[in-house]
Amino acid sequence: MSWLRRFGAFWYDFLVGDDWRLLLGAVVGIVGVDALVRAGHGAVWWVLPSVVVVTLAISIRRARRP
Amino acid sequence: MRDVLLFVGVLLACLVEAVEALTIVLAVGYTRGWRPAWEGVVAASAVLAATVALLGPALTVIPIASLRLVVGGMLLVFGLQWLRKAILRAGGAKALHDEEAAFAEQTARARAAGEPADPARDWYGFTVAFKSVLLEGLEVAFIVVTFGASQGSLALAVAAALTAVLVVVVVGFAVRHPLSRVPENTLKFAVGLLLTSFGTFWAAEGAGVHWPGGDAAIVVLPAVYAVVAVILVAWLRREQVSPVRVEGGHA
(Lines give C-alpha, C1' and ligand atoms only; values in the text may rest on other atoms or scores of the structure.)
Protein backbone atom coordinates (compact mmCIF):
# COMPACT_ATOMS: atom_id res chain seq x y z
CA MET A 1 0.00 0.00 0.00
CA SER A 2 2.83 2.33 0.87
CA TRP A 3 4.51 1.60 -2.46
CA LEU A 4 1.22 2.20 -4.30
CA ARG A 5 0.72 5.47 -2.47
CA ARG A 6 4.23 6.63 -3.33
CA PHE A 7 3.70 5.62 -6.96
CA GLY A 8 0.46 7.64 -7.02
CA ALA A 9 2.16 10.58 -5.32
CA PHE A 10 4.96 10.49 -7.91
CA TRP A 11 2.49 10.70 -10.81
CA TYR A 12 0.38 13.33 -9.06
CA ASP A 13 3.47 15.48 -8.51
CA PHE A 14 4.62 14.75 -12.04
CA LEU A 15 1.37 15.72 -13.79
CA VAL A 16 -0.35 18.13 -11.41
CA GLY A 17 2.68 19.65 -9.68
CA ASP A 18 2.22 23.02 -8.00
CA ASP A 19 -0.79 24.15 -10.03
CA TRP A 20 -3.54 21.92 -11.43
CA ARG A 21 -4.54 24.70 -13.85
CA LEU A 22 -1.53 23.88 -16.01
CA LEU A 23 -2.73 20.30 -16.46
CA LEU A 24 -6.29 21.47 -17.09
CA GLY A 25 -5.15 24.08 -19.64
CA ALA A 26 -3.01 21.58 -21.55
CA VAL A 27 -5.78 18.96 -21.62
CA VAL A 28 -8.41 21.50 -22.73
CA GLY A 29 -6.05 22.83 -25.42
CA ILE A 30 -5.15 19.41 -26.83
CA VAL A 31 -8.71 18.02 -26.72
CA GLY A 32 -9.96 21.27 -28.30
CA VAL A 33 -7.44 21.13 -31.15
CA ASP A 34 -8.19 17.44 -31.72
CA ALA A 35 -11.93 18.20 -31.92
CA LEU A 36 -11.36 21.11 -34.32
CA VAL A 37 -9.20 18.99 -36.63
CA ARG A 38 -11.77 16.14 -36.58
CA ALA A 39 -14.51 18.67 -37.40
CA GLY A 40 -12.58 19.59 -40.53
CA HIS A 41 -11.19 22.97 -39.50
CA GLY A 42 -7.95 23.59 -41.32
CA ALA A 43 -5.56 26.18 -39.92
CA VAL A 44 -5.90 25.62 -36.18
CA TRP A 45 -2.16 25.54 -35.43
CA TRP A 46 -2.43 28.76 -33.39
CA VAL A 47 -5.01 27.36 -30.94
CA LEU A 48 -2.72 25.27 -28.69
CA PRO A 49 0.05 27.90 -28.33
CA SER A 50 -2.62 30.49 -27.50
CA VAL A 51 -4.15 28.24 -24.82
CA VAL A 52 -0.66 27.59 -23.43
CA VAL A 53 0.13 31.32 -23.17
CA VAL A 54 -3.21 32.12 -21.49
CA THR A 55 -2.87 29.17 -19.08
CA LEU A 56 0.66 30.18 -18.10
CA ALA A 57 -0.36 33.80 -17.54
CA ILE A 58 -3.32 32.76 -15.36
CA SER A 59 -1.12 30.41 -13.33
CA ILE A 60 1.55 33.08 -12.74
CA ARG A 61 -1.09 35.66 -11.81
CA ARG A 62 -2.67 33.23 -9.31
CA ALA A 63 0.75 32.44 -7.81
CA ARG A 64 1.47 36.14 -7.35
CA ARG A 65 -1.82 36.81 -5.58
CA PRO A 66 -1.20 37.17 -1.81
CA MET B 1 17.21 21.55 -36.41
CA ARG B 2 14.84 19.33 -34.40
CA ASP B 3 17.76 17.07 -33.51
CA VAL B 4 19.90 20.00 -32.33
CA LEU B 5 17.09 21.32 -30.11
CA LEU B 6 16.39 17.80 -28.84
CA PHE B 7 20.06 17.37 -27.90
CA VAL B 8 20.20 20.78 -26.19
CA GLY B 9 16.91 20.19 -24.35
CA VAL B 10 17.93 16.81 -22.94
CA LEU B 11 21.46 18.05 -22.15
CA LEU B 12 20.23 21.08 -20.18
CA ALA B 13 17.50 19.12 -18.35
CA CYS B 14 20.01 16.47 -17.38
CA LEU B 15 22.57 19.10 -16.29
CA VAL B 16 20.05 20.68 -13.89
CA GLU B 17 18.99 17.38 -12.35
CA ALA B 18 22.57 16.07 -12.16
CA VAL B 19 23.74 19.21 -10.34
CA GLU B 20 20.97 18.73 -7.74
CA ALA B 21 21.75 15.03 -7.30
CA LEU B 22 25.48 15.76 -7.04
CA THR B 23 24.88 18.09 -4.07
CA ILE B 24 23.27 15.27 -2.07
CA VAL B 25 25.82 12.66 -3.17
CA LEU B 26 28.67 14.97 -2.09
CA ALA B 27 26.97 15.54 1.28
CA VAL B 28 26.72 11.75 1.74
CA GLY B 29 30.33 11.25 0.61
CA TYR B 30 31.76 13.83 3.04
CA THR B 31 29.74 12.70 6.05
CA ARG B 32 29.17 8.95 5.56
CA GLY B 33 32.10 7.99 3.34
CA TRP B 34 32.53 7.69 -0.43
CA ARG B 35 31.80 3.97 -0.68
CA PRO B 36 28.06 4.09 0.15
CA ALA B 37 27.76 7.28 -1.93
CA TRP B 38 29.25 5.62 -5.03
CA GLU B 39 27.30 2.40 -4.47
CA GLY B 40 24.07 4.41 -4.34
CA VAL B 41 24.98 6.30 -7.52
CA VAL B 42 25.87 3.13 -9.43
CA ALA B 43 22.73 1.24 -8.29
CA ALA B 44 20.39 4.14 -9.18
CA SER B 45 22.15 4.66 -12.54
CA ALA B 46 21.61 0.96 -13.34
CA VAL B 47 17.87 1.27 -12.56
CA LEU B 48 17.60 4.39 -14.73
CA ALA B 49 19.50 2.76 -17.60
CA ALA B 50 17.20 -0.27 -17.43
CA THR B 51 14.14 2.01 -17.43
CA VAL B 52 15.32 3.80 -20.59
CA ALA B 53 16.39 0.53 -22.25
CA LEU B 54 12.96 -1.06 -21.61
CA LEU B 55 10.64 1.89 -22.20
CA GLY B 56 12.50 3.51 -25.11
CA PRO B 57 12.10 0.68 -27.64
CA ALA B 58 8.63 -0.19 -26.25
CA LEU B 59 7.30 3.28 -27.06
CA THR B 60 8.42 3.05 -30.68
CA VAL B 61 5.84 0.26 -31.21
CA ILE B 62 2.99 2.77 -30.64
CA PRO B 63 1.75 4.55 -33.82
CA ILE B 64 3.65 7.83 -34.12
CA ALA B 65 0.55 10.11 -34.21
CA SER B 66 -0.91 8.62 -31.01
CA LEU B 67 2.51 8.62 -29.37
CA ARG B 68 3.09 12.30 -30.18
CA LEU B 69 -0.39 13.27 -28.95
CA VAL B 70 0.05 11.58 -25.57
CA VAL B 71 3.77 12.20 -25.10
CA GLY B 72 3.43 15.78 -26.38
CA GLY B 73 0.66 16.39 -23.88
CA MET B 74 2.76 15.05 -21.01
CA LEU B 75 5.81 17.05 -22.09
CA LEU B 76 3.63 20.14 -22.34
CA VAL B 77 2.34 19.76 -18.78
CA PHE B 78 5.83 18.95 -17.52
CA GLY B 79 7.39 21.86 -19.42
CA LEU B 80 4.78 24.32 -18.17
CA GLN B 81 5.61 23.33 -14.59
CA TRP B 82 9.32 23.97 -15.16
CA LEU B 83 8.61 27.24 -16.92
CA ARG B 84 6.20 28.44 -14.22
CA LYS B 85 8.77 27.81 -11.49
CA ALA B 86 11.54 29.50 -13.50
CA ILE B 87 9.36 32.57 -14.18
CA LEU B 88 8.34 32.85 -10.51
CA ARG B 89 11.99 32.58 -9.43
CA ALA B 90 13.25 35.06 -12.03
CA GLY B 91 10.46 37.46 -11.05
CA GLY B 92 11.34 37.25 -7.36
CA ALA B 93 8.08 35.55 -6.36
CA LYS B 94 9.81 32.30 -5.35
CA ALA B 95 13.16 31.68 -3.68
CA LEU B 96 16.02 30.55 -5.91
CA HIS B 97 17.27 26.99 -5.44
CA ASP B 98 20.37 27.25 -3.24
CA GLU B 99 22.84 24.37 -3.64
CA GLU B 100 24.95 25.58 -0.68
CA ALA B 101 21.90 25.53 1.62
CA ALA B 102 20.81 22.12 0.29
CA PHE B 103 24.35 20.79 0.90
CA ALA B 104 24.42 22.15 4.48
CA GLU B 105 20.97 20.72 5.24
CA GLN B 106 21.81 17.29 3.82
CA THR B 107 25.16 17.20 5.63
CA ALA B 108 23.49 18.01 8.97
CA ARG B 109 20.89 15.27 8.41
CA ALA B 110 23.54 12.70 7.51
CA ARG B 111 25.53 13.54 10.67
CA ALA B 112 22.39 13.38 12.81
CA ALA B 113 21.68 9.87 11.52
CA GLY B 114 24.60 8.60 13.60
CA GLU B 115 27.15 5.87 12.95
CA PRO B 116 26.07 2.80 10.94
CA ALA B 117 25.34 -0.37 12.97
CA ASP B 118 27.53 -2.36 10.58
CA PRO B 119 30.70 -0.36 9.69
CA ALA B 120 31.06 -2.36 6.45
CA ARG B 121 27.60 -1.41 5.18
CA ASP B 122 26.16 2.05 5.63
CA TRP B 123 22.54 1.66 4.52
CA TYR B 124 21.69 5.27 5.36
CA GLY B 125 24.40 6.67 3.08
CA PHE B 126 23.57 4.21 0.32
CA THR B 127 19.82 4.89 0.50
CA VAL B 128 20.15 8.68 0.47
CA ALA B 129 22.54 8.64 -2.51
CA PHE B 130 20.40 6.04 -4.33
CA LYS B 131 17.15 7.95 -3.80
CA SER B 132 18.60 11.31 -4.80
CA VAL B 133 20.03 10.01 -8.08
CA LEU B 134 16.92 7.92 -8.82
CA LEU B 135 14.40 10.69 -8.11
CA GLU B 136 16.33 13.39 -10.00
CA GLY B 137 17.11 10.90 -12.76
CA LEU B 138 13.52 9.72 -13.30
CA GLU B 139 12.57 13.09 -14.75
CA VAL B 140 15.52 12.92 -17.10
CA ALA B 141 14.71 9.31 -18.03
CA PHE B 142 11.18 10.43 -18.90
CA ILE B 143 12.51 13.26 -21.08
CA VAL B 144 15.06 10.97 -22.76
CA VAL B 145 12.49 8.26 -23.52
CA THR B 146 9.74 10.61 -24.75
CA PHE B 147 12.03 12.89 -26.76
CA GLY B 148 13.83 9.91 -28.22
CA ALA B 149 10.68 7.98 -29.15
CA SER B 150 8.74 10.95 -30.54
CA GLN B 151 11.67 12.09 -32.66
CA GLY B 152 12.95 8.59 -33.47
CA SER B 153 16.33 9.56 -31.98
CA LEU B 154 16.64 7.60 -28.76
CA ALA B 155 20.41 7.21 -29.21
CA LEU B 156 20.84 10.97 -29.57
CA ALA B 157 18.76 11.65 -26.44
CA VAL B 158 20.78 9.08 -24.47
CA ALA B 159 24.03 10.63 -25.75
CA ALA B 160 22.90 14.08 -24.58
CA ALA B 161 21.99 12.76 -21.12
CA LEU B 162 25.29 10.87 -20.77
CA THR B 163 27.26 13.96 -21.84
CA ALA B 164 25.57 16.03 -19.13
CA VAL B 165 26.14 13.39 -16.44
CA LEU B 166 29.78 13.04 -17.44
CA VAL B 167 30.35 16.80 -17.32
CA VAL B 168 28.72 17.16 -13.88
CA VAL B 169 30.49 14.11 -12.41
CA VAL B 170 33.92 15.19 -13.69
CA VAL B 171 33.54 18.85 -12.67
CA GLY B 172 31.79 18.02 -9.40
CA PHE B 173 34.37 15.55 -8.20
CA ALA B 174 37.23 17.76 -9.42
CA VAL B 175 36.07 20.70 -7.30
CA ARG B 176 34.57 18.43 -4.60
CA HIS B 177 31.95 21.05 -3.83
CA PRO B 178 28.32 21.65 -4.81
CA LEU B 179 28.12 23.40 -8.17
CA SER B 180 26.44 26.48 -6.74
CA ARG B 181 27.75 28.74 -9.48
CA VAL B 182 25.81 26.92 -12.17
CA PRO B 183 23.01 29.30 -13.23
CA GLU B 184 20.35 26.74 -12.38
CA ASN B 185 17.33 28.97 -12.89
CA THR B 186 18.55 30.10 -16.32
CA LEU B 187 18.97 26.45 -17.30
CA LYS B 188 15.52 25.62 -15.92
CA PHE B 189 14.11 28.51 -17.91
CA ALA B 190 15.65 27.14 -21.11
CA VAL B 191 14.51 23.58 -20.36
CA GLY B 192 10.99 24.78 -19.56
CA LEU B 193 10.85 26.67 -22.85
CA LEU B 194 12.09 23.68 -24.86
CA LEU B 195 9.84 21.11 -23.15
CA THR B 196 6.79 23.37 -23.55
CA SER B 197 7.66 24.01 -27.21
CA PHE B 198 8.26 20.35 -28.10
CA GLY B 199 5.15 19.39 -26.13
CA THR B 200 3.03 21.92 -28.04
CA PHE B 201 4.55 20.91 -31.37
CA TRP B 202 4.13 17.15 -30.95
CA ALA B 203 0.72 17.25 -29.25
CA ALA B 204 -0.69 19.43 -32.05
CA GLU B 205 0.98 17.30 -34.74
CA GLY B 206 -0.43 14.17 -33.09
CA ALA B 207 -3.90 15.74 -33.27
CA GLY B 208 -3.43 16.26 -37.00
CA VAL B 209 -2.35 19.92 -37.09
CA HIS B 210 -0.07 21.03 -39.93
CA TRP B 211 2.35 23.65 -38.68
CA PRO B 212 3.04 26.56 -41.04
CA GLY B 213 6.64 26.20 -42.19
CA GLY B 214 6.76 22.57 -41.04
CA ASP B 215 9.75 21.91 -38.80
CA ALA B 216 10.58 25.63 -38.62
CA ALA B 217 7.74 25.96 -36.10
CA ILE B 218 9.87 24.20 -33.49
CA VAL B 219 12.31 27.13 -33.67
CA VAL B 220 9.58 29.78 -33.60
CA LEU B 221 7.65 28.32 -30.64
CA PRO B 222 10.49 28.69 -28.06
CA ALA B 223 11.03 32.27 -29.26
CA VAL B 224 7.34 33.13 -28.82
CA TYR B 225 7.15 31.46 -25.41
CA ALA B 226 10.39 33.21 -24.37
CA VAL B 227 8.87 36.62 -25.17
CA VAL B 228 5.76 35.74 -23.13
CA ALA B 229 7.93 34.48 -20.24
CA VAL B 230 10.04 37.66 -20.24
CA ILE B 231 6.87 39.79 -20.16
CA LEU B 232 5.56 37.76 -17.19
CA VAL B 233 8.90 38.10 -15.35
CA ALA B 234 8.87 41.87 -15.95
CA TRP B 235 5.29 42.03 -14.64
CA LEU B 236 6.25 40.08 -11.51
CA ARG B 237 9.26 42.34 -10.88
CA ARG B 238 7.15 45.45 -11.31
CA GLU B 239 4.65 44.02 -8.82
CA GLN B 240 7.49 43.40 -6.34
CA VAL B 241 8.68 47.01 -6.39
CA SER B 242 5.27 48.69 -6.58
CA PRO B 243 4.51 50.74 -3.49
CA VAL B 244 2.20 48.99 -1.06
CA ARG B 245 -1.07 50.81 -0.49
CA VAL B 246 -1.97 51.32 3.17
CA GLU B 247 -5.09 52.57 4.92
CA GLY B 248 -5.74 56.21 4.05
CA GLY B 249 -4.28 55.92 0.55
CA HIS B 250 -0.67 56.75 1.47
CA ALA B 251 2.03 54.81 -0.35
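Leaving aside its neighbours within four places in sequence, which residues is Val10(B) in contact with? In this predicted model, the list reads Ile143(B), Val144(B), Phe147(B), Ala157(B), Ala160(B) and Ala161(B). Keep Val10(B) in mind, and let's see what it belongs to.

Val10(B) is part of the largest nonpolar core, a set of 88 residues. Together with Cys14(B), Val25(B), Ala129(B) and Val144(B), Val10(B) touches the most other members of that core. If you want to know which element gives the most to the core, look at helix α1 of chain B, residues 2–32, which supplies 18 residues.

Now step back and take in chain B as a whole. You'll find eight helices and zero strands, so to speak a run of α-α-α-α-α-α-α-α when you start from the N terminus. The C-alpha trace of chain B spans about 65 × 65 × 30 Å along its principal axes. Of its 251 residues, 47% count as buried. Contacts in chain B also reach across the sequence: take those with a separation of 6 or more, and 87% of them join residues 24 or more positions apart.

Ala37(B) is a nice place to see this at work. You can find it in helix α2 of chain B, residues 34–59. Is Ala37(B) buried or exposed? Count the C-beta neighbours inside 10 Å and you get 27, so Ala37(B) counts as buried, the cut-off being 20 or more. Not counting residues up to four places away in sequence, Ala37(B) touches Val25(B), Val28(B), Gly29(B), Arg32(B), Gly125(B) and Ala129(B). Two of those names, Val25(B) and Ala129(B), should ring a bell from the core. For a sense of how the chain folds back, check Tyr124(B): it sits 87 residues from Ala37(B) along the chain, yet their C-alpha atoms are separated by 9.7 Å.

For the opposite case, go to Gly114(B), in the loop between α4 and α5 (123–151) of chain B. Gly114(B) has 8 other C-beta atoms within 10 Å, so it is exposed. Compare its C-alpha with that of Ala65(B): these two residues are 49 apart in sequence and 54 Å apart in space.

Next, follow helix α3 of chain B, which covers residues 64–90. From its first C-alpha to its last, this helix of 27 residues reaches 36 Å, close to the 39 Å expected at 1.5 Å a residue. Of those 27 residues, 22 are buried, so α3(B) is largely enclosed by the rest of the structure. After α3(B) comes Gly92(B), with a positive phi near 85 degrees.

Time to meet chain A. Its secondary structure comes to three helices and zero strands, in the pattern α-α-α along the sequence. The radius of gyration of chain A is 16 Å, well over the 11 Å that the globule rule gives for 66 residues, so chain A is more spread out than a compact globule. Its C-alpha trace spans about 50 × 35 × 10 Å along the principal axes, and 23% of its 66 residues count as buried.

Helix α1 of chain A, residues 2–15, makes a good contrast with α3(B). It has 14 residues and reaches 20 Å from first C-alpha to last, close to the 20 Å expected at 1.5 Å a residue. How many of the 14 residues of α1(A) are buried? The count is zero, and α1(A) is hardly covered. Gly17(A) follows this helix, and its phi is positive, near 60 degrees.

So where do the two chains meet? Here 23 residues of chain A are in contact with 26 residues of chain B. On chain A's side, the elements giving two or more residues are α2 (20–38) and α3 (47–64) of chain A. The biggest giver is α3(A), with ten residues. Sort that whole side by type and you get 17 nonpolar, two polar and four charged residues.

Finally, a word on confidence. The model scores ipTM 0.90 and pTM 0.78. Chain B has a mean pLDDT of 84, and 93% of its residues reach 70 or more. Within chain B, confidence is highest in helix α8 (residues 217–241), at 91, and lowest in helix α4 (residues 99–112), at a mean of 78. Over residues 243–251 of chain B, pLDDT stays under 50, and the model has two contacts beyond four places in sequence for that stretch.

Note on methods
Residues numbered from 1 in each chain as written. Chains lettered and ligands numbered in written order. Predicted model: local features only at pLDDT ≥ 70, side-chain atom pairs only at ≥ 80, totals over all residues. Core = buried A, V, L, I, M, F, W, Y, C linked by C-beta atoms within 7 Å. Buried ≥ 20, exposed ≤ 12 C-beta atoms within 10 Å, placed from the backbone. Helix = DSSP H or I, 4+ residues; strand = E, 2+ residues; numbered from the N terminus. Contact = placed C-beta atoms within 7 Å. Nonpolar A, V, L, I, M, F, W, Y, C, P; charged D, E, K, R; others polar. Expected span 1.5 Å × (residues − 1). Rg over C-alpha atoms; globule rule 2.2 N^0.38 Å. pLDDT = per-residue confidence, 0-100.
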